[in-house]
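Could you walk me through the reasoning behind the labels used for this model? I would like to see each value set beside its cut-off.

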Amino acid sequence: MGRQLVLGLGGTVDFELRWDALVFEKLAREHGVRRDELTATAPIVDERSLLVTILAFVAVGTGAERFVASSEVVEQFASHFSFDVTLGGTGVRAGLVLDSLGFPSVQHLVSVDDNVRRLLPARITILSSAVNDTLDPHLIVQYPVGAKVRLLDGDVVSPAANRLIFANDPPNREMAIAASLPDALATASAFLISGFNTMQDHDLLERRLDDILLAMRRMPTDALVYYEDAGFYTRDFAETVRARLLSYFDVYGMNEDELQEYLGHAVDLLDAPDVVRALRKIQEIIPVPALVVHTRYWAIAVGADAERHRDALESAVRVAATRYRLGDGFTAAQAEATADMDRHRSGARLVSAVEASMPDAAGVPAYALDIAQPTTIGLGDSFVGGFLSAYA
C-alpha cells in the first residue's frame, strides 16, 4: 500500500456571507448600534452582539474566530444576506487544495451531512467518528479593504481585508476520534493536526489527546507531523495541546494574528528587527524543528529544519495566492501560473533581512496581487494544503 496524507481533525459546513454594506447598515439601524460601543470581547448571545463584534473587527482590519451562544444565532444572522454553502476546517480546505493539485488524501471528520457528501471530491477518503448526521454551520464573514458601514455616530471603515469565523459546533467541541484513525496513520506520509481550538471541556481535551497519541504510535517514523494553530476559544487549552504533543510536531504553523496573540503586542510585519524579535520570542514559547509563520507579506520558517521546508513554503504561498485571486476550484495549471506573477517587494526585502539576521530562518515573499474581489477565506488552510503537497 502507498503512503497517504491524513488530514484532521474536524470539518465544518460554512455559510460564507457575501459582503453587503447596505445590509450591515440596515441591521445597525434596526439594533441602534453605535460606533462607540463596538467591542470584540463581549459574549455573542444574539444577533445584535454578533453584529457589534463583526463591526469591531472590521474597524481594525483583523481576523478572528469566536464562539456564539447557539447555531440559531448564526442561521438568523445569515438569513439577512446572500451566502454560499461551502466546506471548511483546516484539514478539509487543505484536502480540497490537494485535490485541485491532483493529490488524494484521507480526511478525519467529526460531523457529516448531505452537504459534506455532496461537496467533498471523490479523491478524499472520509474517516468519520460521527454516529448521526448533524449540521451546525460556521458563519464566515470576509470583508474587503475600505469596507464602509455607516453607524449612528460615525462610519466604520476597514483598513485591510480579512475574514471572521463565528460558530457553535458541538461535534467539533467534542472532537471524537474515529476508531479507524490508527490504521490510516500506519501508512501516512504526513499527518495534519488541527481543530482542538474549538474544544471547551479540559478533561475531554486531555482524553482526546490521549487518543491521538495512541493513534500516532502506528505512524511510520519518517512521517511528517504538521500542527496548524488557530484562535483557541479557551486560550489555556493551546498550552495543554503543546504540553502533550509538542515533541511530536515537525512543523508548527500559525498566521500573523495568532503570532501577535501569543506575543501580546502588535508586530510590524515589514520591519526586520521587529520581526526578528517576534520570531525569536515565539521560538522560546514554541520550540519545534520548524516553526512557520505565514502572513500577507511573507512566510518564514525558523528552527533547525527550516531550510528543509523551503520548497514547501514556495508551494504554500503560491497555492494561497492562487486561492486569493481565483477562489475555490482552481486547477494545478492555474496554481503553476501564479509562480510567474510579481512578489511583494517589501516582503522580499523583509525575508532577505531576516535570513541575514537568523541563520536558522528560511523564508519566501508572498505575491503582490491587485484583485478587485479577492478571496480572504481559507487562505491559511490553502497555505497548509500547498505546504503538504510537497510531501504528498
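The questions below go through burial, contacts, cores, cavities, a pocket and a helix.

Q: Before we start, what kind of model is this, and how are its residues numbered?
A: This is a predicted model, in which local features need pLDDT of at least 70 and side-chain atom pairs count only at pLDDT 80 or more, while totals for chains, interfaces and linings use all residues. Residues are numbered from 1 along each chain as its sequence is written, and side-chain values use heavy atoms, with hydrogens and water left out.

Q: Why is Thr 375 called buried?
A: Buried means under 20% relative accessible area (exposed is over 50%, partly exposed in between; 1.4 Å probe, protein chains only). Thr 375 has 16%, so it counts as buried. This residue lies in the loop between β16 (361–365) and α15 (379–389); helices (H or I, at least four residues) and strands (E, at least two) are DSSP runs, numbered from the N terminus.

Q: What does Thr 375 touch, not counting residues up to four places away in sequence?
A: Its partners are Gln 142, Arg 323, Tyr 324 and Gly 327. Contact here means heavy atoms within 4.5 Å.

Q: Why is Gly 89 buried?
A: The relative accessible area of Gly 89 is 19%, therefore it is buried. Gly 89 sits in the loop between β4 (83–88) and α4 (90–100). Beyond its neighbours within four places in sequence, Gly 89 is in contact with Gly 10, Thr 12 and Asp 381.

Q: What makes a set of residues a nonpolar core, and how many residues has the largest?
A: The members are buried Ala, Val, Leu, Ile, Met, Phe, Trp, Tyr and Cys residues joined through side-chain atoms within 4.5 Å. The largest such core has 58 residues, and Phe 191, Ile 193, Phe 196 and Ile 212 have the most contacts inside it. Helix α8 (residues 202–216) gives the most to this core, with seven residues. Apart from it lies another core of 42 residues, including Ala 28 and Leu 164. In soluble globular proteins, nonpolar side chains tend to be buried together.

Q: What makes a space a cavity, and how many of 30 Å³ or more does the structure hold?
A: On a 1 Å grid over the protein atoms alone, a cavity is a set of points where a 1.4 Å probe fits but cannot get out; lining residues have an atom within 4 Å of a point. Grid points are joined across faces, edges and corners, and a volume is the space filled by probe spheres set on the points. The structure holds two cavities of 30 Å³ or more, and the largest has a volume of about 80 Å³.

Q: What makes the other space a pocket, and which residues lie nearest its centre?
A: A pocket is an open set with protein on both sides within 12 Å along at least five of seven lines. The second largest pocket holds about 360 Å³. Of its 18 lining residues, Trp 19, Gln 142, Gln 373, Pro 374 and Thr 375 lie nearest the centre. Helix α12 gives the most to this lining, with four residues.

Q: Which residues of helix α1 (residues 21–31) are buried, and what covers them?
A: Ala 21, Val 23, Phe 24, Glu 25, Leu 27 and Ala 28 are the buried ones. Their cover includes α2 (47–60), α3 (71–78), β7 (138–143) and β8 (148–151). Just after α1, Gly 32 takes a positive phi of about 60°.
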